[in-house]
Each structure stands twice: as structure tokens, then as C-alpha cells.
Amino acid sequence: MLSAKSAEVIEATLPVVGAAIGDITPRFYDRLFAAHPALLRDLFNRGNQANGTQREALAGSIAAFATALIAHPDQRPDAMLARIAHKHVSVGITDAQYAIVHEHLFAAIVEVLGEAVTPEVAAAWDEVYWLMANALIAVEGRLRAEAAAGGDPAGLWRPYTVVTRYQETEAVTTFVVRPADGGPLPASRPGQYVSVRVELADGAHQIRQYSLSGGADGALRFSVKREPGGEVSGHLHDHLRTGDTVELAPPLGDVSLAEGDGPVLLASAGIGNTPMTAMLDHLATAGSTRRIVSVHGDRDQLSHAFRADLEQLTAKLPDAVAHVFYERPLGEWPAERTGLVDLSTIEVPAGTTAYLCGPLPFLKSVREQLLAAGVRAADIHYEVFGPDLWLV
Ligand SMILES: Cc1cc2nc3c(=O)[nH]c(=O)nc-3n(C[C@H](O)[C@H](O)[C@H](O)COP(=O)(O)OP(=O)(O)OC[C@H]3O[C@@H](n4cnc5c(N)ncnc54)[C@H](O)[C@@H]3O)c2cc1C
Ligand code: HEM
């Protein structure tokens, strides 16, 4: 895919660009937002900009893409592209914006690397950028077409009415919403998320993703944990009431429960159980006879959202078990289920497909435990509630 001439140049300059990428990305974003302030106000997640995670994810993805192209010039790292493309479509990136990003990214590269960017070097990296951009544009076009075919033909943002809201725990509120136009629900797969767009007190529009948490007949259900100092989660908790309208993008996300009849393991920690609850709900509604192991970790019984859902859905399934770990359990609780999630006392069936969602240290630990238990790396899927830094 990458021309032989460019491949040589990329291979030779990858170490230099890789080493400088931490300097390039802040300059790129500063340039981009100086030229287009509305992008930071209304499109990018300004929390992720402030804490630097999005910057790291973008830089890491381009370096990883270039590295993959060098290693396998004829293949495209599709899994990585799919994750980015789902996120892009969900926030409304347009094809035309790729030229804007290109302009400011390459200006930042020249600013940092100076004369090292010969015309030959610039041309080779240009080729990498457009290979990646055009691949993303193609996948994003397909996803938009699918979303339109699945019942969301009227553009990305559709108003929904809040039918009800209730507390799951002190920090987690569930919202059940229906299309305000009375039309059909969009298609979704268990494990997918919706983007929610709100207008904040300073007039900025900010977008965040919330996984669908299943359990809502004829409606969409999502559940939001209030983050300390969090702009959108705080806004939804404080201002979005029953009867109000909220804008949602159609369900997207590359991590969803695959059909099949093999064993499934669902592992989550904290609020990471929203997609797992949707998957379990789907399996229970479908009357699945698959072998299902749910594993969840939380601080204690009071902070554990969807406790009742986990018990009821597990009871409905003929071959399902649930194991819950509490770090600081309240009252009597088995010693072997106290502390962080530990799979050593849990039987992981051969041929298991695993779905994971939770903070990064949890994902890393559970992934290692699953590999040690014999689960194939290709059968471990994970969702992260932020930019995917595992790409780096
Ligand atoms: C695919 C996906 C699915 C998700 N599903 C769910 C879900 O089901 N339920 C759920 O509750 N969440 C979910 N999330 C997370 C959600 O999208 C938000 O990230 C979360 O609600 C926090 O957003 P916020 O606007 O409240 O916080 P933000 O304002 O974005 O802040 C996030 C954190 O950064 C800190 N921060 C903000 N500004 C600064 C600064 N200037 N300097 C340093 N730190 C700062 C804040 O204190 C806070 O702790 C999901 C995310 C993704 C990507
Ligand atoms: C080849 C070009 C691009 C690459 C490699 C790229 C890479 C990425 C990556 C890795 C993520 C994080 C995905 C995740 O959640 O794990 C992301 C998200 C995002 N990208 Fe891009 N991107 C590109 C082009 C663009 C363009 C053209 C825009 C529009 C101006 C854009 C805007 C965004 C936004 C708004 C997010 C959501 C995350 C957030 O706001 O924090 N990207 N991109």
C-alpha cells in the first residue's frame, strides 16, 4: 500500500518523528484551535485536551499506523482504524476536516523538526497521512450509511425526550430516552455507546460518549457516573430532568457482543459495567443457552450500580454465573471475593470470548489473567471510557 520509496524514508525517519511526537502534538493542537476555536469549544472533548489524553492518542495512532505499514506494507491495521472511525462518526467529523488537520499537523512537524523535513521526507509522511485519512474516510462513510439505514436518516444529532431518570447509586444516574419525533429507535448492538451533546453554561457544546446499558423496551437507556469536576456528567446529573430534551448521535462503537454459541466472559469494574449490562440483558432476552461468566469489581455494595440487574439477568439465564468482588465490603462478605478482581478461583471455560470494560489498570490486569488462563489474545475485546492509549 505504501510506495517502496516512501517506505524507505518512513523507516529511516520514524525514530526521529517518534521521538519528537510529544512536541509535535501540542503544537499541532495549539495551531488547530487558534485557527478554528469552535473545534475546541464545540467538537473536541476539552476535558481530554486539558488532561492530554487525546493528544497522546492521536500521536500514538499515527506512529502505530506508520510502524504497522512498514512491518506489513500490504495490510491495513483495520482494528485500530475501526475504533477511531466509530468515535469520529459519533462526534460528527466531516471528510473536509481532514485537510484542515493535515495543514496544521504538517506545519507543527516542520516547526519542530525544521530542516530535517526535506521535500522527500515531507512527501513520504504526506503519503502516510493520506493513506490513514482516506482509510478512515472510507470506513466513516460506511458507518454513516449504516446509521442512516438503521433509522437515523436526519443527520447526526437527534432530539430525545427523557422518559424517566433514576439513581442507581449515589454517583450514578440512569436516563431512559425516546426519540422526540416519535419515530423508531435506531439500530444498536449490545456494547455500543451513544454520544450525548449538551450546551454548557458558557455556551460551549460538549460531546461525551455513554454506553447503552440495556433494559429499556422501546427506549434507550444510558447511565452516567458523576465525575468530580466533570463538565458533562455534572451537567446531566444537575440539569437533565424527566420531560427534557437531549441530543444523541446514533449508537456506534466497534466493541459489541458477537453472535455465536461459545462461552462468554464479561468483566467490568466500577461504571464499566454499563456495556456489560447491555450484553447480559441481550443474552437474557434472547434466551441464550451459552455458558456465561460475569465478573465485576467495585468499591462496595453501595457504589455497585446494576447490582439488581446482574442478579436478575444471571438468574434468567440457564448457564450463567456472576462473581462480584468488593474492595471494602460492607458487612459479611466472602474473603475470596474481597479485594481487586482475581480470576484465580474462577473457572474460565475453554474457548471463551471475553469482553472487558473498566479503568486501564483493571483492563491490563484482567487481560493478563485471561491470557494466563488460556484465552486467546484475539478473543479478548475491551472498551475504554476515554481515548484508547493502548494504541500507543
Ligand atoms: C466509549 C465510551 C463509553 C463510555 N460510557 C460511559 C458510561 O456508560 N457511563 C459513564 O458514566 N461514562 C462513560 N464514559 C465516559 C464519559 O464519556 C465521560 O468521559 C465522563 O462522563 C466524564 O465526562 P465529564 O464531562 O463529566 O468530565 P470532563 O469535564 O471531561 O473531565 C474528566 C476528568 O478530567 C478532569 N479534568 C477536567 N478538566 C481538567 C483540567 N483542566 N486539568 C486536569 N484535569 C481536568 C476532571 O476533573 C474529570 O475527573 C464513556 C466514554 C467512552 C469513550
Ligand atoms: C488521519 C487523521 C486522524 C487521526 C489519525 C485521528 C486519530 C484519532 C484518535 C486515535 C482518536 C481517539 C480514538 C479513541 O477514542 O480511542 C480520535 C478521536 C477524535 N478525533 Fe481524530 N484523527 C484524525 C482526524 C481527525 C479530524 C480530521 C478531526 C476533526 C477536526 C478529528 C477529531 C477528533 C475528535 C473530536 C475525536 C474525539 C475525541 C475527543 O474529543 O477527545 N480527528 N482521533
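Q: Which way do strand 7 and strand 10 pair, parallel or antiparallel, and over how many bridges?
A: In this predicted model, strand 7 (residues 264-269) and strand 10 (residues 353-357) pair in the parallel sense, over 5 bridges. To see one of the contacts, look at Leu 265: its bridge partner in strand 10 is Ala 354.

Q: What is the order of the strands in the open sheet?
A: Read across the sheet, the order is 9-8-7-10-11, so to speak a row of 5 strands with parallel pairing. Strand 9 (320-326) and strand 11 (380-383) stand at the edges; each has a single partner strand, so one side of each has no neighbour in the sheet. On average, neighbouring strands here are turned by 15° against each other, direction ignored.

Q: What does helix 9 touch when it packs on the sheet?
A: Helix 9 (residues 273-285) touches strand 7, strand 8 (292-298) and strand 10, and its direction makes about 150° with that of strand 7.

Q: Why should helix 4 span 27 Å?
A: Count 1.5 Å a residue, taken times one less than the number of residues. Helix 4 (residues 53-71) has 19 residues, so 27 Å should be its span; the end C-alpha atoms are 26 Å apart, which agrees.

Q: Which residues of helix 4 are buried, and what do they pack against?
A: Among the buried ones are Leu 58, Ile 62, Phe 65 and Leu 69. The buried residues of helix 4 pack against helix 1 (4-35), helix 3 (46-51), helix 5, helix 6 (97-113) and helix 7 (119-149).

Q: Which protein donor does the iron atom of ligand 2 have?
A: A single one: NE2 of His 88, 2.1 Å away. You'll find His 88 in helix 5 (residues 78-91).

Conventions:
Residues numbered from 1 in each chain as written. Chains lettered and ligands numbered in written order. Predicted model: local features only at pLDDT ≥ 70, side-chain atom pairs only at ≥ 80, totals over all residues. Heavy atoms only, no water. Donors = N, O, S within 2.8 Å, 3.2 Å for Na, K, Ca; no water. Helix = DSSP H or I, 4+ residues; strand = E, 2+ residues; numbered from the N terminus. Buried < 20%, exposed > 50% of the residue type's maximum accessible area, 1.4 Å probe, protein only. Contact = heavy atoms within 4.5 Å. Pairing = 2+ DSSP bridges. Axes fitted to C-alpha atoms, helices over the stretch in contact; angles between N-to-C directions.
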